[in-house]
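I sat down with this model to see how its helices pack. Here are my notes, in the order I looked things up.

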Amino acid sequence: MLRGNELNEALENELKEMVQEGIGKSPISNTALHQRLTAKGHIKGGLSTLSTPQRKALIQKYTTEQLLPLNLNEKEEQLYVNKKTRQALLDTNKGLKERITELEDELNQNTVTLIEIINQVKLKTNLELDDLLAPYLISELKNQSNLKKI
């Protein structure tokens, strides 16, 4: 059984492995970490073995590192840390889906407006605009009937 600094090092190595494995496979929690350390024979004691201020800070550091790629805001991260992970992730996912819908609608509206402007410029000038436009806009000009009118 490990103690002191040896246990702290084993704990940190285990946390690094959990971060590498990812939140889907190895979400960091005191219970999960305790089970892994016990299974490897590093500790025999209860969860209180992990409750020293130094070990708590280490666990928090790696929990934050593991959550970083999820881009959770402070409230969502706190929900996760407080074991309301499913709800935090569902709320984040819902917010992101709403934002995607808003941005898609905005892109569609802007594209329609820009195509109307381009058509007016083509009618009133002799400029060859196809050479100046992005490929996306050229394809949208050719497929005007596919755009939703807003």
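I began with the buried residues of α2, and found that they pack against α1 and α3. In α2 (residues 30–39) the buried ones (under 20% relative accessible area) are Ala-32, Leu-33, His-34, Arg-36 and Leu-37. Just after α2 comes Gly-41, with a positive phi near 80°.

A note on the source: this is a predicted model, where local features need pLDDT of at least 70, side-chain atom pairs count only at pLDDT 80 or more, and totals for chains, interfaces and linings use all residues. I number residues from 1 along each chain as its sequence is written, and side-chain values use heavy atoms, with hydrogens and water left out.

Next I checked α1 (residues 4–21) against α3 (residues 53–67): they pack at an angle of about 15°, with their axes 10 Å apart. That angle makes α1 roughly parallel to α3 (angles under 35 degrees count as such). In contact terms (heavy atoms within 4.5 Å), the α1 side includes Leu-7, Leu-11 and Leu-15, and the α3 side includes Leu-58, Ile-59 and Tyr-62. I sorted the residues of this contact into 8 nonpolar, 4 polar and 5 charged.

Then I looked for the largest nonpolar core (buried nonpolar residues joined through side-chain atoms within 4.5 Å). It has 14 residues, and Leu-11, Leu-15, Ile-28 and Leu-33 have the most contacts inside it. α1 gives the most to this core, with 5 residues.

Last, I followed Ile-28: leaving aside neighbours within four places in sequence, its contacts include Leu-15, Ile-59, Tyr-62 and Tyr-80. Apart from that core lies another of 6 residues, among them Ile-115 and Leu-129.

Notes: Axes fitted to C-alpha atoms, helices over the stretch in contact; angles between N-to-C directions. Helix = DSSP H or I, 4+ residues; strand = E, 2+ residues; numbered from the N terminus. Parallel < 35°, antiparallel > 145°, perpendicular 65-115°, else oblique. Nonpolar A, V, L, I, M, F, W, Y, C, P; charged D, E, K, R; others polar. Buried < 20%, exposed > 50% of the residue type's maximum accessible area, 1.4 Å probe, protein only.
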